Amino acid sequence: METSHIADRLIRFGAEDGDYMVTKSDDLIIDFTDKIRAIRFTSGYTVYIRVSVGKHVGFYTSNDLSPEGIEEAAKTAVKIAEVSPEDPYWVGAPRGLGLTDVEGIYDKRLAELTPDEAVDMVKSAMEGVSTAKPGVRPVRGSLRINVREYTIGNLNGEEVSRRGTSIFIYISGRAEEPGRSAVYTDFQNSRSLDRIKPYELGREVGLKTYEFLDAEAVSTGLYDLILDGRVAASIFRIMLSQAVSADAVQMGRSPLAGKVGCKLLSENITFVDDGTVPGYVGSKPCDDEGIPVRRNVIFDRGVLKTYLYDTYTANKENRRSTGNAHRSVGASTVPLPNNLILNPGDYTLEEMVEDTSKGVYVLKTIGEWLSNPVSGFLNATVTHGYFISNGSIAGRVKGAVIGGDFYQLMNVKVVGLSKELYESMSSYSPHVKFEKVQLSSK
Amino acid sequence: MEFDWVLEEGARLGADYVSLLYQETVYESFTADNRNVREISRRRAKGLGIQVLRGGGLGFASTSTLDKDSISRCLKKALATASAVKMVSETKLTEAKPVEDRAVSRFKIDPLEVDFQDKIDLVLKANKAAFVDPRVKSATTRLAVHYDRRIVKSTEGVDVEVKCFTTGLSHLAVAYEAGVMERVLHQRAEVAGWEFIQESDWEAFTTDLSKLACKAVSCKTPPPGSYTVVVDPEIIGILLHEAFGHASEGDLVASGASILKGRLGEKVASKLVTVVDEGVVEGGYFVPYDDEGTPKRRTVVVDKGVLRSFLTSRTTAAELGIENTGNGRCQDFQNIPIVRQTNYYMLPGDMSFEELLEDVGFGIYIRGVGATGGQVDPGMGTFTFSVGPSFMIRNGELAEMVRGVVISGFILDVLKGVDAVAADLRIRTSIFGGCGKDGQIVRVGFGGPHIRVRRMTIGGGG
């Protein structure tokens, strides 16, 4: 990618400070139902520009990297900055760009995968579903392979680049018998090809789909809950990503504002943000401002230690960025976790189930993103779960709503964490067990 | 248009069918946060998507670099993917009627021509007006302007251009009282020019939302359980769209991922329920043609409780052996059209809102202002939605406000439980978000009248 002319153009049109990020993205996508629908290649650039004239800041995003496109982008960005009111908190664009050494985030084999090889992976996943049990078939899915290059620079002449690959596959199975049906979906997400096992994914989906034909509603009441690691990871991402962001804190939109140093969660709970873990979905050598990523301990044994910062929010508090800038579509940045990780405990899932007299092991939920991270109110609907009675699985359940105060759950109701971590959209968690949680049903 | 040669070149290289989508889009956003301007941004994109059919294989590629060499490479990639697909599955298309048309959404003042300064002044004023109460701890106001131009051309004689302007404003109010924080997010948008922004009272809009957040922060959540529920037009709109609309999309039906599969002609709702999908309707988004160049007219999906039609694109209509309803839509030139709703809504009845309340001894009136959305499993028919601050109903009258209300259930149970439908139809669209499916987001419209449902599960209670 030729990007060196961007800074020159910005300066020529009157920018005094600023930075830019250019991404080149190549995607190979296969959408399928019970058969492959289409394969598509998409390829394109995005240019994100942030410039300042004095304390006036402007933003511009475009997908045109041609010389004329950059000329237009630079001119418009500066014009926007000039008409914007002064931002009293603007100190300047990031300085000190650099890279942390992070492994396992670019896979050459994945970057060079052909459409035919991708088709074979999809066929394996579909075969896994349809051969798992009679009457079960694949109904929906997608395989997405992404290769992305980033170049991040500033008007001070600094520039860094990073690149990464990712692969994501999901597949849904459906089982039908007279008077009853079931659907089950699962996914695999990785930075490299060797961690994706399409057939095994499909087979697991097929088995689970069949198994949940006999799922029933549970009655409203208090249950011990074991959240599958992926469900827990998804919930933590939704409830904490914004809450630990210095932006939400400074703007008065976080329940964690003013609580650094306070013990808010159980002492079993240590959350870290770590963008350096090899092969993790959110790992990268630098953030979207070019600041090297690092490991940040957010909650240490229940005590809130820090918020996450980009350069802008860090400047407001006269401190340094934690390497968590994420560039929004509008070209400004917001601090968010790179990989949000709940440190594991020492239970096995089997031990957690054995220790439960009346409970539900929650395998899948929908709607957790409807929870309210500002008030801390958690909401999720269990679509697939196992009913636990006297230490063993006694049936399958669906359609119950989990509701409650997230911070109370994580403080006084959490009683156990499993040994392994599971991922959901760059959030990582073990299985988590809670005592006496309200489940609502019809 | 300068891309006609692509159609000819595609045919020469062996494509049975070539379709192009050229798109230009501009999105301006002006954000004020806690009395200061936070971000002014402009996003501009243009590019070309090429879809080809060769020997039954459907291939696609896109490019944002529009020189001849890049487009040629893009065409060849599309043909290569078509060849990979045809080895494993065959796609058929319904016949497309040749059509040539230029459609422009209604507007008086081009919002992109309006001075940046006017937009900054408006959003800042609206944001500052929101601090009406010391309990308001945070307020974010966002003004947005969107221009979308699409040209669809195909080797079958389709040549359609659709231009659309959308404008709107959103506001997030966060209130804090006695250790409790509550947020209310709402937006208003229309397919219109700057006149929609000019003619609305945005200071009143943000003030009202702040007051609502302040009132909600001290409210209780209702005890979980089963209630008689009166549903407002926004919630019935989003509920229908998410929990029923997706299940009526032909691709989900064809693959068996819909609870409505095999149910055409069956009773799926109360006889009071009629649901349509319509491309151009007051208050909704502007879809006179879909992204395959098919005219989008009114499709009656449910007629007096009976399932009458599914929504289809050219591929799904061929697969299901039914009519193409013009619902093949894509997010942008980088995506392939898939079956999407346009403006999906319930037709009104003849009762008043008061009459809906009259018969309710104890229930809840659930409202959309401040709702955060919903999620469904169209294969199971289950849904869960977080609605805005709502009201208990006692002895036929609205009583105290409640917050944190979450509804969930099985959509067919809900629609069969509709026992009253009001006359007050309202349809809305959004400029800040849209409907997501298969990684693509498209703008939609949704709505309906107030309705009453005899039994619905209410969660919350925390």
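The following paragraphs describe the nonpolar core, a helix pair and one proline of a predicted model.

Residues are numbered from 1 along each chain as written, and chains are lettered from A and ligands numbered from 1 in the order of writing. Local features require pLDDT of at least 70 and side-chain atom pairs pLDDT 80 or more, whereas totals for chains, interfaces and linings use all residues.

The largest nonpolar core (buried Ala, Val, Leu, Ile, Met, Phe, Trp, Tyr and Cys residues joined through C-beta atoms within 7 Å) comprises 272 residues. Those touching the most other members include A:Val360 and B:Ile50. Strand E6 of chain B (residues 158–177; strands are DSSP runs of at least two residues, helices H or I runs of at least four, numbered from the N terminus) gives the most to this core, with eleven residues. Beyond four places in sequence, the contacts of A:Val360 (C-beta atoms, placed from the backbone, within 7 Å) include A:Val218, A:Phe387 and A:Leu439.

In chain A, the axes of helices H4 (residues 115–130) and H5 (residues 198–211) come within 6 Å and cross at roughly 30 degrees; axes are lines fitted to C-alpha atoms over the stretch in contact, with angles from 0 to 180 degrees between N-to-C directions. H4(A) and H5(A) are therefore roughly parallel (angles under 35 degrees).

A:Pro115 lies in helix H4 of chain A and counts as buried, because 21 C-beta neighbours lie inside 10 Å (20 or more being required, with C-beta atoms placed from the backbone). Outside four places in sequence, A:Pro115 contacts A:Leu28, A:Ile39, B:Ala80, B:Thr81 and B:Ala84.

Technical notes: Buried ≥ 20, exposed ≤ 12 C-beta atoms within 10 Å, placed from the backbone. Contact = placed C-beta atoms within 7 Å. Parallel < 35°, antiparallel > 145°, perpendicular 65-115°, else oblique.
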